[in-house]
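The following exercises concern helix geometry, helix packing and burial. Each task is followed by a solution in steps.

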Amino acid sequence: MLAEKKSFMREPAVTIILDMVDKVHINVLLTGILEAPLLKDWLQKVPESGNPDALLLALKLHDKLPLEMRNLCKMLSHACNPSDLFTPEHMLLLVPALKETSFCHPRVHSVWQVLVDILFADLAVVNEDATSSHSSKKTKKSKKRNSPEKNLARRLSSFWEVVVEGSLLSSSHDRKHLAIDIFLMLLQRIPASCVQIVVSYKFVHCLLDILSAKDSHLYKSAQHCLQETVNWCENDDERRAAVVIALQQSSNGKFDNISRTRTIRKLVSKFVTKAGCLLFGQKLTGLFLEGTPTQLNESSLDKSLTEEEVEMLSVGVTSVGEDIENLSEEAKDSDDVLRSWIVDSLYNLSKNTALDPAAKFPLQKEILKFLTVQGLFTASLGIEVTSFELLEKLKWPKKPASARVRRLCIEHMQHLLVDAQNFMISHKHTELNESMQHEVSPLESNDLGAYMMCFLGTLQNIPSVFLFWPLSKDDEDTFNKLHSAEAQLFRAACKGESNLSKVQAMRFLLIQLLLEIPLRPGEICETAAELLICCNKAFGNVIELVESSDDENETPALIDVLVDALLSLLPHSPAPVRAAVEQVFKCFCDSITESGLMNMLRIVKKDLKPARHKPAVVEDSDEEDPIDIEESGSDDEVEESENDENTDDILEQDSKAKTSLTVDKKIRKETGDSGGAEDSESDFDDDAMFRMDAHLVQMLKEKKNAGGSDTAQTQLKNFKLRVLSLLEWYLQRNSSKPLVLTVYSYLLQAFVNSSSIEGNEQFADRLGVIIQRKICKAKEYPKGPEVDLSLLQDLFEKVLKLASRSKAKKVQSLSQICAFWLLKVIHGNSNETELKKVSEVFLKSLEDFFVNKKCRLKGGFLKEVFRRHPWVGILSFGMLIEKCRNARSEFLQFEALFLMDTLVRPWLGKSTEVPSDKDSSHHLQFLKVHLPSLSELVQHFLQKPAKKASHRSEARQFCMRILKALSLLKLERSFAKLLKHSSCESQLGDLFRPYKNLVELS
């Protein structure tokens, strides 16, 4: 009666009845409770009535009901036993009742828990048997478990598709919330093999719709569901792999992007064990071959996609964007995005730093095999081919992968080989070193590059497998030659060649070029031929190639050919090829010639967009003069440049007007219109308008081609940066060679030029770092008889002028650092006569500092030169004394004083005793020469004190240091004879008393 009056009391009433049933005797149940009229009415309700409480009562009492009452129970009329509940037909009958359970939101109705218990009843029994059984019976028990899991998957699939997806997800917010709650109930009990059933396409899209908008009504519920799913699978590799695959398969590989979370990235990062990575890799490859559910029922337009790609590739169109331009974008997204994510994930697995090398190598081999099969090859007969040599089956997806995905596979193969090469270079590949002691098969070696090439050759020998990428005759010939050369180099490495590092570097470069041939048809042949010639010359005893019959006298040096070939690969090659080029250059750079080095330096110095004001050359020189000096422009030049800009704008407007008139005239000429009347100028027929559009399109194309200098400039800048990387390695290995001076001069000129061009800041900074760190701050510097001293003197003179005239602070700072380095090189390679010539060069710049207002040298730089290289300032001592008295300003007078003080201060030392080494005699002779001028200078400072107090203090301190130096060198009497002014005693105090008597005696 209570349940009949209030609907919300039905479930508590049913719960009370069920509690009573569990406690009373069977006779009481049959004669008392089950005979109640209202109870019979509930059990006989039709499914369409939508009474979940009647369904709950029927499910719980079904086993205890007499046969007659079971037959009258319409809720379970089609279910002879509980296992028959979950047929699609019966689930459809229960949908009305189950949908009505949403009235108790946010609580979940008890009928759902009962259904879940019945659903997992068989699996729970099997799990109990498995835990209680002995370990020796694992095999038998595993076979028994397979059948309940299959039955569970069948029942769960029916329940999920009919009830959850068919009724709850497509209904109200409350029922969607109920679907999420049911998912969480099931998640705690399902095995990993059933994850894909509940993490279905419709359920994932429901979550994505909610998570994509934070203001959604169910946003917190979806967040909680996702977090619980992550917690459930976070510490189990099998669960985690199943969840990631299901989420990405249902979202076409875009779950994180659409949900605005990092769920997939976080879960994938948890695969840190060998078993987990291999399991996840197998799941990914299976998903790649299986595809998404939407890919299995695609239209004929999707099927024509591959045919169009093959046709376009056959005519040489290899751009990823061009092969699918006019086809279905939706089909491309549902296919390519997911497969691209799979390929990216496989490559990221191979880079897992948590795995030790022994565990990582088998994983890398499996990934490399998959990328090779899917990226390079296709099967002519079906989608599965058995290789008896490899003892495994090769599979391809039912819908062939697009050119974009295949290109991505090849690119990741290249990156994977770069990682393997870097690992070999790091001296941690102990297994490889052991395998190199004797000849082994590439398939058995621990060399990933050799394994890939052998695997590739095996696939080529299978009749029903062929390359997906159509190759021309030249490309195919180059492909085979590179394959053969790599195999011979690998055998040479196994025999223990002395130059093993060179062999290995060249091997990996040849492999990278082989993989580039399908991606860049017709572009690799020439460079590959040059590299094979270099292999013949460098490893002639192992490379068996037919050489051309050219005149040996005219052939260039091996290293020059190699450098040219490497440079030709830098502009347009991807990062893996450039990395292989760099490794080859590192191995051969010690023997590079001046010719090869000059080719590299010309590239660095080259520029397509010169500075607006071309730097003026200091003096006449030939074309190869490496350093030009930037002169400061005057105001007139600035005004002239502004006028030039205005003139350029006017000319551009005139050219546009002339162009439009030209087009108008061409159209009128074609239409036969004289254009005399004004009406005819404005009225065109349709044909004339179409012709005008064609002319305008042609003009725009020409303008685009003409305006491509920015793109060309960017490409050149990238090319120059890549060449700089090679030069940086050369400087690191050969900092003591005389050729470093040539490199320095070109790099400094390129730095000056790029500093004056807008947009070249990155290149200029890179140049500055290399010059400063790899040249000026290197442990060694150029020395030996081959160092050209006249070139050093010329470079020093130019860098001083650059420091004194450049407006750019970066150029000023770097030129000063370069001046210090050049002085160190000069001092280490010159005798006294040559040092005197350099001092004279510096003296000119010092004179310019005091005389020329445009000079931008700083006193701090000059003092640092005197401190580091006192021999430079000896020649300028007399001039400094003169500038202390008659420089054009008090500031410059005391700058000269500071420079003199920098020279004199080291002579005093820390001891008050007279030094007895040969330096003291040199100082004695030096001060004797300048003794008269020093006495005049001391009297000048004492007689005419400076205006600033700080200057007066500095002058007094300088005079006291001069007197102290003279006393240490026993020159008091000679100096006293020259002092004639009485102010010395008042200014110098006690320090002057020893000189007072000497002055009176004189």
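The exercises begin at the start of helix H15 and rest on a predicted model.

**Exercise 1. Describe the boundaries, length and burial of helix H15 (residues 237–250).**

Step 1. At the start of H15, the backbone nitrogen of Glu238 has a side-chain oxygen of Asp236 within 3.1 Å.

Step 2. The helix holds 14 residues, and a rise of 1.5 Å a residue, counted over one less than the number of residues, gives an expected span of 20 Å. The end C-alpha atoms are 20 Å apart, so the expectation and the model agree.

Step 3. Residues count as buried under 20% relative accessible area. By this criterion 11 of the 14 residues of H15 are buried, and the helix is mostly covered. Among them are Arg240, Val243, Ile245, Leu247 and Ser250.

Step 4. Just after H15, the phi of Asn252 is positive, at about 60 degrees.

**Exercise 2. Carry out the length and burial analysis for helix H11 (residues 173–187).**

Step 1. For the 15 residues of H11, 1.5 Å a residue leads to an expected span of 21 Å; the end C-alpha atoms are 21 Å apart, and the values therefore agree.

Step 2. H11 is mostly covered, with 12 of its 15 residues buried. The buried residues include Arg175, His177 and Asp181, together with Ile182, Phe183 and Leu187.

**Exercise 3. Classify the packing of helices H24 (residues 448–460) and H26 (residues 500–519).**

Step 1. Two packed helices are described by the angle between their axes and the distance between the axes.

Step 2. For H24 and H26, the angle is about 40 degrees and the axes are 10 Å apart. H24 is therefore oblique to H26.

Step 3. The two helices, H24 and H26, cross in a left-handed sense. H24 contributes Gly449, Ala450, Met452, Met453 and Leu456 to the contact, and H26 contributes Arg507, Phe508, Ile511, Leu514 and Leu515.

**Exercise 4. Is Gln374 buried or exposed, and which residues are in contact with Gln374?**

Step 1. Gln374 belongs to helix H21 (residues 357–376). Its relative accessible area is 3%, so Gln374 is buried.

Step 2. A polar side-chain atom of Gln374 lies 2.8 Å from the backbone oxygen of Lys395.

Step 3. Apart from neighbours within four places in sequence, the contacts of Gln374 are Phe288, Leu289, Lys395, Trp396, Pro397, Arg406 and Cys409.

**Exercise 5. Place these elements in the whole protein.**

Step 1. The secondary structure comprises 49 helices and 4 strands.

Step 2. Of 1002 residues, 47% are buried.

Step 3. Among contacts with a separation of 6 or more, 75% join residues 24 or more positions apart.

Definitions and conventions:
Residues are numbered from 1 along each chain as its sequence is written. This is a predicted model: local features need pLDDT of at least 70, side-chain atom pairs count only at pLDDT 80 or more; totals for chains, interfaces and linings use all residues. Side-chain values use heavy atoms; hydrogens and water are left out. Buried means under 20% relative accessible area, exposed over 50%, partly exposed in between (1.4 Å probe, protein chains only). A polar contact is a pair of N or O atoms within 3.5 Å; within protein, one must be able to donate a hydrogen and the other to accept it, and residues adjacent in sequence count only if both atoms are side-chain atoms. Axes are lines fitted to C-alpha atoms, for helices over the stretch in contact, and angles run from 0 to 180 degrees between N-to-C directions. Angles under 35 degrees count as roughly parallel, over 145 as roughly antiparallel, 65 to 115 as roughly perpendicular and the rest as oblique. A crossing is left-handed if the near helix is turned anticlockwise from the far one by less than a right angle, and right-handed if clockwise. Contact means heavy atoms within 4.5 Å.
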